[in-house]
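The report below goes through a single protein chain, from its overall contacts to its cores, its main pocket and a few individual residues. Please keep the sequence and the structure in view while reading.

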Amino acid sequence: MRLDVVTLFPDWFDWFASQRHVVNALAVGHELRTLDLREHTPLSGGQVDDTPFGGGAGMVLRVDVMDAALRAHYGVDPVDLRRQRRVIALTPGGRLLDDRLVDELAQEPGITLLCGRYEGFDERIVEHFASDAVSIGEYVLAGGELAAMVVCDAVMRKLPGALGHKDSASEESFSPALEGAPEYPHYTRPAVWRGHSAPAVLLSGNHARVREWRREESGRRGAERLEPPDDGR
Ligand code: ADE
């Protein structure tokens with residue numbers, strides 16, 4: 001898979017690219033690249049944003065700047081790019097990222113992630129360049145970079161070869177293997193810590209009982225998932 005991130009802060013991704021599962025994924029041929037939005041801006045002084053029409057606080061990322069960056073990198077008219085690959089605008093109002101969407105994205109041969117900054121994007125970026133708008137939660141970040149890293153992290157760990165154990169990403173929280181429920185709890189040594197024991201079944205060596213216990217615990221956690229407190233919002 002080829003993951004491209006269009007950002008004003010490409011070096012933020014240097015740290016991310018040094019994480020073990022990312023290093024593993026890159027070692028087996030997957031790619032993570034950053035495109036610097038400022039590099040191809042047609043405006044003077046490296047300008048990339050502007051004040052919002054109609055007034056209001058903050059600055060808005062310009063559509064002509066995104067147009068120039070995508071055109072320079074892909075060599076096609078950016079309005080046609082989304083027919084070739086998923087182009088995802090990261091924005092708080094987008095489709096909420098969940099395990100299903102991560103699985104869907106992990107099947108793609110190439111994804112481009114567009115990071116907004118300041119007050120976000122000129123809406124024409126979302127309308128004309130993006131195939132999808134994705135949010136990592138109902139709160140507002142200062143920009144799309146951390147959201148893009150979350151998407152890259154969740155997607156890359158699903159790629160074959162990224163995790164050490166071949167099953168690590170199949171039977172985990174919210175996966176079809178657990179019928180969408182959170183994962184069962186894990187324990188390791190010491191078996192007893194300050195009088196608190198790990199569940200005896202996990203120490204029993206009975207694999208069938210362990211499987212059954214894990215399935216039950218996962219289902220119980222799913223049923224008990226806390227509703228957020230009702231504060232009238
Ligand atoms: N940009 C700012 N906030 C965001 C969020 N919650 N999800 C995705 N992109 C964002």
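Of the contacts in the chain with a separation of 6 or more, 72% are made by residues 24 or more positions apart, where contact means heavy atoms within 4.5 Å. The model is a predicted one, in which local features need pLDDT of at least 70 and side-chain atom pairs count only at pLDDT 80 or more, while totals for chains, interfaces and linings use all residues. Residues are numbered from 1 along each chain as its sequence is written, and side-chain values use heavy atoms, with hydrogens and water left out.

The chain has nine helices and nine strands, these being DSSP runs (H or I of at least four residues for helices, E of at least two for strands) numbered from the N terminus. Its C-alpha trace spans about 70 × 50 × 35 Å along the principal axes. Among its 233 residues, 40% are buried, a term that stands for under 20% relative accessible area, with exposed meaning over 50% and partly exposed in between (1.4 Å probe, protein chains only).

**Nonpolar cores**

A nonpolar core is a set of buried Ala, Val, Leu, Ile, Met, Phe, Trp, Tyr and Cys residues joined through side-chain atoms within 4.5 Å. The largest one holds 28 residues, and those with the most contacts inside it are Leu3, Val5, Leu32, Leu90, Leu113, Cys152 and Met156. Two or more residues of this core come from each of β1 (2-7), α1 (12-17), α2 (20-27), β5, α5 (99-106), β6 (110-115) and α7 (145-156), and α7 gives the most, with eight residues. Cys152 touches Leu3, Val5, Phe16, Leu32 and Leu113, when residues up to four places away in sequence are not counted. A second, separate core of 21 residues includes Val6, Leu37, Leu114 and Ile125.

**The largest pocket**

The largest pocket has a volume of about 330 Å³. On a 1 Å grid over the protein atoms alone, a pocket is an open set of points where a 1.4 Å probe fits, with protein on both sides within 12 Å along at least five of seven lines, and lining residues have an atom within 4 Å of a point; points are joined across faces, edges and corners, and the volume is the space filled by probe spheres set on them. Of the 23 lining residues, Leu90, Thr91, Pro92, Gly120 and Leu141 are the closest to the pocket centre. The elements that give two or more residues to the lining are β5 (86-96), α6 (123-128) and β7 (132-135). By type, the lining divides into 13 nonpolar, seven polar and three charged residues.

**Three buried residues**

The table gives the place and relative accessibility of three residues.

| Residue | Place | Relative accessibility |
|---|---|---|
| Thr41 | loop between β2 (31-36) and β3 (49-50) | 14% |
| Asp122 | loop between β6 and α6 | 17% |
| Leu70 | helix α3 (63-74) | 1% |

A polar atom of the Thr41 side chain lies 3.2 Å from the backbone nitrogen of Leu43, and, leaving aside neighbours within four places in sequence, Thr41 is in contact with Gly46, Gln47, Val48 and Val65. The side chain of Asp122 makes a polar contact (a donor and acceptor pair of N or O atoms within 3.5 Å) with the side chain of Arg124, at 2.7 Å. With neighbours within four places in sequence left aside, Leu70 is in contact with Val6, Gly75, Pro78, Leu81, Thr112, Leu114 and Phe129.

Technical notes: Ala, Val, Leu, Ile, Met, Phe, Trp, Tyr, Cys and Pro count as nonpolar, Asp, Glu, Lys and Arg as charged, and the others, Gly among them, as polar.
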